[in-house]
Amino acid sequence: MLVLSRQRDESIMIGDNIVVTIVDIRGDKVRLGINAPSEIPVHRQEVYEAIQRENLRASRLEPGDTQDIGKYASRSPSRPGDAPRPR
Amino acid sequence: MRINTSRFGRIDVDAADILRFPSGLPGLEDCREWALLADSSNDALGWLQSTTRVDVALAVVSPRRFVPEYQVRIPRSELSPLSIDDMRQAQVVVIVGQNGRGLTLNLKAPIVINLEGRTGRQVIASGELPMQYELSLERPPLKKSA
């Protein structure tokens with residue numbers, strides 16, 4: 001891993017269009033500003049990893065597990081086209 | 001197009017009903033093509049079935065049918081890969097999961113589908129939303145903490 005030292009208000013560039021700026025340092029907390037093209041999503045790593053775990057767990061669900069789900073649903077979709085559409 | 005599935009056997013899918021997920025899904029990055037199927041016994045439920053991995057399918061629902069107050073805010077950076085500029089072009093579904101207490105909905109990371117372009121993407125919604133919203137008959141209010 002590349003390790004760089006930076007002070008407040010200093011930045012690093014990743015490629016030619018992503019800029020990460022040290023906005024503030026307080027105790028053990030660092031605030032980062034990230035400027036990236038809109039098509040590049042930026043996430044906190046722990047959130048992304050939690051979604052990975054949740055997807056893998058959800059992908060093991062079987063039709064038998066969901067057979068009672070209808071009892072939790074309101075009777076009709078809140079707006080037309082909002083429900084998953086059968087093909 | 002005929003696809004093999006571990007849950008539903010061999011099924012015929014209209015090529016027009018195949019959704020492309022250019023980035024895959026977190027944890028399932030290699031699954032880029034999915035078929036959206038209706039559940040035969042439950043009209044509130046659909047299944048996203050991977051066309052390439054027979055054993056990978058995700059149960060999905062329209063979140064508003066289960067959590068009427070759910071309002072999803074999605075950063076533009078998450079939508080631009082889908083070429084959606086108007087949420088009216090989009091269909092939002094959430095993935096059904098299961099924890100020790102029962103069925104859950106991932107309200108933090110809904111799937112947005114561009115209906116016209118037949119593309120989809122799992123996005124991370126803004127704000128404090130649970131990844132395991134537990135379904136219950138008492139309709140718990142949407143908690144502010146995850």
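**Notebook: chains A and B, contact, core and strand pairing**

I began with the contact between the two chains, which takes 36 residues from chain A and 44 residues from chain B. Sorting the side of chain A that touches chain B by class, I noted 17 nonpolar, 10 polar and 9 charged residues. I keep in mind throughout that this is a predicted model.

Next I looked up the largest nonpolar core, which has 46 residues; the members that touch the most other members are B:Leu58, B:Val60, B:Val61, B:Val96, B:Leu105 and B:Val112. I then asked which elements each supply at least two residues of this core. From chain A I listed helix H1 (45-58), and from chain B strands E4 (33-38), E5 (45-50), E6 (57-61), E7 (90-99), E8 (102-105) and E9 (111-114).

I picked B:Val96 for a closer look and, leaving aside residues up to four places away in sequence, found that B:Val96 touches A:Ala58, A:Leu61, A:Thr66 and A:Ile69 in chain A, together with B:Ala59, B:Val60, B:Val61, B:Leu103 and B:Leu105 in chain B.

I followed E7(B) into its pairing with E8(B), where the two strands run antiparallel and are joined by 4 bridges. A hairpin connects E7(B) to E8(B) through 2 residues, and I recorded B:Gly102 in E8(B) as the bridge partner of B:Asn99. E8(B) is also joined by 2 bridges to strand E11 (residues 133-134) of chain B, again in an antiparallel arrangement, with B:Glu134 in E11(B) as the bridge partner of B:Thr104.

I also checked strand E1 (residues 2-5) of chain B, which runs antiparallel to strand E2 (residues 9-12) of chain B and is joined to that strand by 4 bridges. E1(B) and E2(B) form a hairpin with 3 residues between them, and B:Asn4 stands opposite B:Arg10 in E2(B).

Turning to chain A, I found an open sheet of 3 strands in the order E1-E2-E3, with antiparallel pairing. The edge strands are E1 (11-14) and E3 (29-35) of chain A, each of which pairs on one side only. Neighbouring strands of this sheet are turned by 25° against each other on average, direction ignored.

How many bridges join strand E2 (residues 18-26) of chain A to E3(A)? I counted 7 bridges between these antiparallel strands, and noted A:Val30 in E3(A) as the bridge partner of A:Ile25.

Conventions:
Residues numbered from 1 in each chain as written. Chains lettered and ligands numbered in written order. Predicted model: local features only at pLDDT ≥ 70, side-chain atom pairs only at ≥ 80, totals over all residues. Core = buried A, V, L, I, M, F, W, Y, C linked by C-beta atoms within 7 Å. Buried ≥ 20, exposed ≤ 12 C-beta atoms within 10 Å, placed from the backbone. Contact = placed C-beta atoms within 7 Å. Pairing = 2+ DSSP bridges. Axes fitted to C-alpha atoms, helices over the stretch in contact; angles between N-to-C directions. Nonpolar A, V, L, I, M, F, W, Y, C, P; charged D, E, K, R; others polar.
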